[in-house]
Amino acid sequence: MKYSKVPSFKSMPLTSEVGKVAARVLAIAEDGTVSASGTCVRIGVGLYLSAKHVVEDFIDSFGQSNLHMNFSIWIVHLYEGPVSECWALTNVWTASNTDIAVLRAIAHTDGTKSLKGVNTVGLDLSSPPVGDRVVSYGFCKSRGVLEVDTQGVKLDIWGDPITSVGEVREIHHQMRDPVLRNFPCFQVNARFEGGMSGGPIFSDAGQLCGVVCSGYALDADDSEAISYGSTLWPALCIPLTVDVQTGSPCEPYCLLELANRGLIHVNHAQRLKAVAIKGGGFSGVYTPAP
């Protein structure tokens, strides 16, 4: 089946299927201030990808002391009812060669939704070819309010999910430029706006093929959007320092190992090689398809 590649930017129902894997990323400051300015996508139980700059923006807003963030980060899925599925962030891992962050979180729910069989999405490490259709998803203009009273704690969140459709215009296997996008990425004409950062970019096969990175405001209604998605493979070489299942500290490993163990689903994982480097971390070499 062929789908339209004509760019579109539409609100989606809160109960759409993609909301089972994509969620809001919230920062809650010590004074109760809520910042709901990012999106993430679930690739495993308690394991998410988002944009590194989303976490960096939270730090810029609320600060940190002695490497301890002066805020907490929450991942929130909203369903009919309304029913919330909340995950408290425990770890964030990043690297210098990508705008993608790996997030680990533990479940904290209101008890009305079972977490058994949570939905996850598979990854495709190959960049979508130029001309292919992509569909991105995120939460624009989200906001939240935290209320604490004798009845307990209540978190209200507003902001409609958005689906943005477009096609791939350019692929940058190493980097787009040495300053703003000095990492593997691809350009699309889908419209990305604030709050969508870290959200999933899907191929027509329904697999995750990128993470929303940045977008430029349009100067005219007929102007084509210029937006960028982060290529996935560098994220699979980010060193992780705890067991994602137990939370126990361990020797550094990476998402590629989880893929090889079948804990996350990754297409074309055999094209990526992660080599441990002296001093910690991994060097990744990805061989595109001929």
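**Exercise 1. Cysteine 213**

Task: Work out whether cysteine 213 is buried or exposed in this predicted model, then place the residue in its strand.

Solution:
- Start with accessibility. Cysteine 213 has a relative accessible area of 7%. The cut-off for buried is under 20%, so cysteine 213 is buried.
- Next, the secondary structure: cysteine 213 sits in strand S17.
- Finally, look across to serine 227. Its C-alpha atom is 7.7 Å from that of cysteine 213, with the two positions 14 residues apart along the chain.

**Exercise 2. Tyrosine 216 and its patch**

Task: Find where tyrosine 216 lies and which residues form a nonpolar surface patch with tyrosine 216.

Solution:
- Strand S17 covers 208–215 and strand S18 covers 227–230; tyrosine 216 is in the loop between them.
- With 41% relative accessibility, tyrosine 216 counts as partly exposed.
- Its patch partners are Val179, Leu180 and Ile226, and together the four offer about 410 Å² of accessible area.

**Exercise 3. Salt bridges**

Task: How many salt bridges are there, and what does the pair of arginine 133 and aspartate 204 link?

Solution:
- Here's the general idea: side chains of opposite charge can pair when their charged atoms come close.
- The count comes to 8 salt bridges.
- In one of them, arginine 133 meets aspartate 204, with 2.7 Å between the closest N and O atoms. This pair ties together distant parts of the chain, 71 residues apart: arginine 133 belongs to strand S11, while aspartate 204 is in the loop between strand S16 (200–202) and S17.
- Now check the exposure of each partner. Arginine 133 is buried at 18% relative accessibility, whereas aspartate 204 is partly exposed at 40%.
- Move on to glutamate 167 and arginine 169, whose closest N and O atoms are 3.4 Å apart. Glutamate 167 is buried at 15%, and arginine 169 is partly exposed at 34%. Add Glu224 and you've got a salt-bridge network with Glu167 and Arg169.
- Glutamate 193 pairs with arginine 191 at 2.6 Å. Glutamate 193 is partly exposed at 28%, and arginine 191 is partly exposed at 33%.

**Exercise 4. Empty space**

Task: Which residues line the largest cavity, and which are closest to the centre of the second largest pocket?

Solution:
- Rolling a probe the size of a water molecule over the atoms shows where empty space is left.
- The search turns up 1 cavity of 30 Å³ or more. The largest cavity has a volume of about 50 Å³.
- Its lining consists of Leu14, Gly19, Ala22, Ala23, Arg24, Val76, His77, Leu78, Tyr137 and Phe139. Strands S2 (22–29), S7 (71–79) and S11 (133–139) each give two or more residues to that lining.
- Sorted by class, the cavity lining has 7 nonpolar, 2 polar and 1 charged residues.
- On to the second largest pocket, which holds about 290 Å³ of space. Of its 21 lining residues, Ser126, Ser127, His173, Tyr286 and Pro288 are the closest to the centre.
- The class split for this pocket is 11 nonpolar, 7 polar and 3 charged residues.

**Exercise 5. Positive phi**

Task: What is the phi of histidine 268, and where does histidine 268 lie?

Solution:
- Most residues other than glycine have a negative phi.
- Histidine 268 isn't a glycine, yet its phi is positive, at about 65°.
- Histidine 268 lies in the loop between strand S21 (266–267) and strand S22 (272–276), and counts as partly exposed at 23% relative accessibility.
- For another positive phi, go to glycine 63, just after H1, with about 80°. In helix H1 itself (residues 52–62), Lys52, His53, Val54, Val55 and Phe58 are buried.

Note on methods: Residues are numbered from 1 along each chain as its sequence is written. This is a predicted model: local features need pLDDT of at least 70, side-chain atom pairs count only at pLDDT 80 or more; totals for chains, interfaces and linings use all residues. Side-chain values use heavy atoms; hydrogens and water are left out. On a 1 Å grid over the protein atoms alone, a cavity is a set of points where a 1.4 Å probe fits but cannot get out, and a pocket is an open set with protein on both sides within 12 Å along at least five of seven lines; lining residues have an atom within 4 Å of a point. Grid points are joined across faces, edges and corners, and a volume is the space filled by probe spheres set on the points. Ala, Val, Leu, Ile, Met, Phe, Trp, Tyr, Cys and Pro count as nonpolar, Asp, Glu, Lys and Arg as charged, and the others, Gly among them, as polar. Patches are made of residues with over 30% relative accessible area and no salt bridge: like charges are joined within 9 Å, nonpolar side chains (Val, Leu, Ile, Met, Phe, Trp, Tyr) within 5 Å. Accessible areas come from the Shrake-Rupley method with a 1.4 Å probe; for residues, only the protein chains shown count as cover. A salt bridge is a side-chain nitrogen of Lys or Arg within 4 Å of a carboxyl oxygen of Asp or Glu. Helices (H or I, at least four residues) and strands (E, at least two) are DSSP runs, numbered from the N terminus. Buried means under 20% relative accessible area, exposed over 50%, partly exposed in between (1.4 Å probe, protein chains only).
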